[in-house]
Amino acid sequence: MKPEDIVKTEKAQLDFSRDMSYGDYLSLDAILTAQKPLSPHHDEMLFIIQHQTSELWMKLMLHELSAAIASIAQDELPPAFKMLARVSRIMEQLVHAWDVLATMTPPEYSAIRPYLANSSGFQSFQYRCIEFRLGNKNAAMLKPHEHHAERLAIVQQAYALPSLYDEALRLLARRGLPVPASHVQRDWTQPYEASKEVEEAWLQVYREPQKQWDLYQLGEELTDLEDAFRLWRFRHVTTVERVIGFKRGTGGTGGVSYLRKMLDVVLFPEIWTLRTAL
């Protein structure tokens, strides 16, 4: 059967002069014309699309993460588990995206780097919101967004809200576990400080998981998420080192040296330390 006969047999709609098409629904005209290379070099298109698609994934990640946090705050754990699992899978997508950027060689990146000026992924307001919602609070990270009032407001909101881990600990407290008051009501803009009392609360869950299986599952979802986040960060470091070595980043950071320091940040510390204590 000829291809045109197959289409006729399937009765596929071919006329979209009066109906919404696939391209209309996805606003493809806007998306596919958003790539505007500044240099004459072939490889800049890769660099732009890599970062634009990462921002789209981060938009979905924030959508899922915010909903998961809200669900935990309302004691609705099953939908939260689904959303957190999706966040972890999105991070896996972002890890593999570095494989594509890693095909850019140092000479190819050096050719386009002058055209980037001071722009840098360090300035991504969505990434900053992700870090804030995951609990890595740092007031200095608001500064890069002060020039854009709308973005600043979004980042400030993420900065001021309880993080995913904050809401998880508040849930443990509501279930009667011995989470100290200092970790249930506090200034949410301050960095999280690990607590032996919080570790003991989690240990009660992990020592007898069948008694509070949903809290045990929450702990493992948090573990999965931070595991995926660490891989994302690590792959970022290795890709940057592969492409630019130890040059300073376009945004002014130390580049690889800065990214390596970020590898040491632990988002949910007691989830990891309890494993030694079990």
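Helices here are DSSP runs of at least four residues, numbered from the N terminus. The structure is a predicted model.

**Helix 9 and its surroundings**

Helix 9 spans residues 164-174, and 9 of its 11 residues are buried, so the helix is largely enclosed by the rest of the structure. The buried residues are Leu-164, Tyr-165, Asp-166, Glu-167, Ala-168, Leu-169, Arg-170, Leu-171 and Leu-172. Their cover includes helix 4 (44-73), helix 5 (77-101) and helix 7, and also helix 10 (196-207), helix 11 (213-244) and helix 13 (269-277). Just after helix 9 comes Gly-176, which takes a positive phi of about 90°.

Two residues of helix 9 have partners in the loop that follows. Asp-166 forms a salt bridge with Arg-186, at 2.9 Å from N to O. This pair links distant parts of the chain, since Asp-166 belongs to helix 9 while Arg-186 sits in the loop between helix 9 and helix 10, 20 residues apart. Asp-166 has a relative accessible area of 1%, and residues under 20% count as buried, so Asp-166 is buried.

The other residue is Tyr-165, which pairs with an aromatic ring. The structure has 10 aromatic pairs. In one of them, Tyr-165 and Tyr-192 meet edge-to-face, with 5.2 Å from centre to centre and 80° between the planes. Tyr-165 is in helix 9 and Tyr-192 is in the loop between helix 9 and helix 10, so the pair ties together parts that are 27 residues apart in sequence. Both Tyr-165 and Tyr-192 are buried. Ring pairs also link Trp-202, Tyr-206, Trp-213 and Tyr-216 into a cluster.

**The nonpolar core**

In soluble globular proteins, nonpolar side chains tend to be buried together. The largest nonpolar core in this model has 68 residues. Leu-134, Leu-164, Trp-202 and Trp-232 have the most contacts inside this core. Helix 5 supplies the largest share of the core, with 12 residues.

Which residues does Trp-232 contact, leaving aside neighbours within four places in sequence? The contacts of Trp-232 are Met-58, Met-61, Met-91, Leu-94, Val-95, Trp-98 and Tyr-127.

**Salt bridges**

The structure holds 15 salt bridges. Three of them are listed here.

| Pair | Closest N to O distance |
|---|---|
| Arg-86 and Glu-64 | 3.0 Å |
| Asp-166 and Arg-186 | 2.9 Å |
| Glu-200 and Arg-207 | 3.4 Å |

Arg-86 and Glu-64 form a salt bridge. They link distant parts of the chain, with Arg-86 in helix 5 and Glu-64 in helix 4, 22 residues apart. Is each partner buried or partly exposed? Arg-86 is partly exposed, with a relative accessible area of 38%, whereas Glu-64 is buried at 7%.

In the pair of Glu-200 and Arg-207, Glu-200 is partly exposed at 32% relative accessible area. Arg-207 also counts as partly exposed, at 46%. Elsewhere, salt bridges that share partners join Arg-128, Glu-131 and Arg-233 into one network.

Arg-128 belongs to helix 7 (residues 125-133). Why does Arg-128 count as buried? Its relative accessibility is 3%, and the cut-off for buried is under 20%. Not counting residues up to four places away in sequence, Arg-128 touches Phe-122, Met-141, His-145 and Val-155. Arg-128 and Leu-142 are 14 residues apart in sequence, and their C-alpha atoms are 8.4 Å apart in space.

**Loops and surface**

Two loop residues have a positive phi although they are not glycines. Asp-75 has a phi of about 60° and lies in the loop between helix 4 and helix 5. At 37% relative accessibility, Asp-75 is partly exposed. Ala-117 has a phi of about 55° and lies in the loop between helix 6 (106-116) and helix 7. Ala-117 is exposed, with a relative accessible area of 54%.

Another loop residue, Leu-26, lies between helix 2 (22-25) and helix 3 (28-32). Leu-26 is partly exposed, at 31% relative accessible area. Together with Met-20, Tyr-22 and Tyr-25, Leu-26 makes a nonpolar surface patch of about 520 Å².

Definitions and conventions
Residues numbered from 1 in each chain as written. Predicted model: local features only at pLDDT ≥ 70, side-chain atom pairs only at ≥ 80, totals over all residues. Heavy atoms only, no water. Patch = residues over 30% accessible without salt bridge, like charges linked within 9 Å, V, L, I, M, F, W, Y side chains within 5 Å. Areas by Shrake-Rupley, 256 points an atom, 1.4 Å probe, with all protein chains shown as cover. Salt bridge = Lys/Arg side-chain N within 4 Å of Asp/Glu carboxyl O. Buried < 20%, exposed > 50% of the residue type's maximum accessible area, 1.4 Å probe, protein only. Contact = heavy atoms within 4.5 Å. Core = buried A, V, L, I, M, F, W, Y, C linked by side-chain atoms within 4.5 Å. Phe/Tyr/Trp six-rings, centres within 6.5 Å; stacked < 30°, edge-to-face > 60°.
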